[in-house]
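Trainee: Could you walk me through the empty spaces in this protein, and then a few of its residues?
Mentor: Certainly; please have the model open.

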Amino acid sequence: MDQRTTNLVLVMILSVIVLSGTGQAELSSTFYDSSCPNLSTIVSSQVASSVAAEARMGASLMRLHFHDCWVNGCDGSVLLDDTATFTGEKASISNNNSLRGFDVIDVIKADLEAQCPDTLGGPTWEVLFGRRDSLTASRDAANTFLPAPSSNVSTLRANFAAVGMGTDEDLVALSGAHTFGKGRCGLVSARIGGNPPDATIDPDYNATLNSICSAGAATLVDLDQDTPTDFDNAYYSNLLILRGYFTSDQVLQSTGGSTADLVSSYASDQLTFFTAFANSMIKMGNLSPLEGTDGEIRVNCRVVNSNVATM
């Protein structure tokens, strides 16, 4: 994974990790300048170590960020564990036995608390800090709002619009996060096993996937067969030749219209994609932030503070 990708993942991590302390009403790019000036260095070191140990972790952490922001805003609700009296989002349809990276968050949070105790806040996507944690989570909302891999363009547009990301630019750019990472075979069984075959999948690619997936539904497949650990624009080039892994990927091109135009644009110009992706990530990171005295700053990312003593 190159430095650009590591930086993208670093920014994402900063969006879900906050430190304890007193409240402040607004997000700010200088929030930690006095209380934790080495914040970015601390986090980047742990991110780099995690990605070096497992290249897939970069994509997993980015997906974790997306799944947090998509359900009631970027408030860390996805990090909460279930308890006997509380049902969180980890076992929702899109997250159960799928979402990962929680252990990395735990390590980074502990390091930050050890080196920068008694501070507050967490950034949005790129430079704004001061975000607080939710007091609850919603499995129902996760099941409702997280996009399904079988979705068509109309469903995807409605889903994105429902959370405030209602442009085709947001939809197509954020889908580009599938340029790295892996997907389970069980999620594409209908796409690759159709009779007659799906007309929107390249026959050779379909044969390759069927061969890999003959090992079982839990088998993991690189979303991009050529540069599986690089954050680049190969995702869009693959869509142009009918090599999108999920149905929800390929429909962006095969449906035609403005989404297909954007696919072509991003496939031909990587910088255009990078700019669009960053803009949409900033926008997503600003979805319904908790600020001031709303929510809390969790001591342990996995539980609300009132339950820490009972662990």
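Mentor: We shall take the chain as a whole, then its pocket and cavity, and then some single residues.

Trainee: What should I know about the model before we start?
Mentor: This is a predicted model, in which local features need pLDDT of at least 70 and side-chain atom pairs count only at pLDDT 80 or more, while totals for chains, interfaces and linings use all residues. Residues are numbered from 1 along each chain as its sequence is written, and side-chain values use heavy atoms, with hydrogens and water left out.

Trainee: How many helices and strands does the protein chain have?
Mentor: The protein chain has 13 helices and 2 strands. Both are DSSP runs numbered from the N terminus: helices are H or I with at least four residues, strands are E with at least two.

Trainee: And what share of the residues is buried?
Mentor: Of the 311 residues in the protein chain, 51% are buried. Buried means under 20% relative accessible area, exposed means over 50%, and partly exposed lies in between, with a 1.4 Å probe and protein chains only.

Trainee: What about contacts between residues far apart in sequence?
Mentor: Among contacts in the protein chain with a separation of 6 or more, 79% join residues 24 or more positions apart. Contact means heavy atoms within 4.5 Å.

Trainee: Now the empty spaces. How much space lies in the largest pocket?
Mentor: The largest pocket holds about 870 Å³ of space. On a 1 Å grid over the protein atoms alone, a pocket is an open set of points with protein on both sides within 12 Å along at least five of seven lines; a cavity is a set where a 1.4 Å probe fits but cannot get out, and lining residues have an atom within 4 Å of a point. Grid points are joined across faces, edges and corners, and a volume is the space filled by probe spheres set on the points.

Trainee: Which residues are closest to the centre of the largest pocket?
Mentor: Of the 40 lining residues, the closest to the centre are Arg63, His67, Pro147, His178 and Phe246. The elements that give two or more residues to this lining include helix H3 (56-69), helix H11 (247-254) and helix H13 (270-285). The largest share, 7 residues, comes from H3.

Trainee: What classes of residue line the largest pocket?
Mentor: Its lining has 23 nonpolar, 11 polar and 6 charged residues. Here Ala, Val, Leu, Ile, Met, Phe, Trp, Tyr, Cys and Pro count as nonpolar, Asp, Glu, Lys and Arg as charged, and the others, Gly among them, as polar.

Trainee: Which domains does that lining draw on?
Mentor: At least three residues come from each of domain 1 (3-145) and domain 2 (165-283).

Trainee: How many cavities of 30 Å³ or more are there?
Mentor: The structure holds 1 cavity of 30 Å³ or more. About 40 Å³ of space lies in the largest cavity. Its lining includes His178, Asn238, Leu239, Gly244 and Asp249, and helix H10 (residues 234-240) gives the most, with 3 residues.

Trainee: Gly244 caught my eye. Is it buried or exposed?
Mentor: Gly244 is buried, because its relative accessible area is 2%. Gly244 is found in the loop between H10 and H11. Leaving aside neighbours within four places in sequence, its contacts are Arg191, Tyr205, Asn238, Leu239, Asp249 and Gln250. The C-alpha atoms of Gly244 and His178, 66 residues apart along the chain, are separated by 9.3 Å.

Trainee: Anything else in that loop?
Mentor: Leu242 is found there too, in the loop between H10 and H11. Phi of Leu242 is near 60°, a positive value in a residue other than glycine, and Leu242 is partly exposed at 26% relative accessibility.

Trainee: Where is Asn97, and what is its phi?
Mentor: Asn97 is found in the loop between H3 and helix H4 (102-115), and its phi is near 55°, a positive value in a residue other than glycine. Asn97 counts as exposed, because its relative accessibility is 69%.

Trainee: And Ser94?
Mentor: Ser94 is found in the loop between H3 and H4, and counts as buried at 18% relative accessibility. Leaving aside neighbours within four places in sequence, Ser94 is in contact with Arg63, His67, Leu146 and Pro147.

Trainee: One last topic: which peptide bond is cis?
Mentor: The bond from Asn195 to Pro196 is cis, with omega near 5°. Pro196 lies in the loop between helix H8 (189-192) and helix H9 (203-213).

How values were computed: Domains from an automatic or database assignment.
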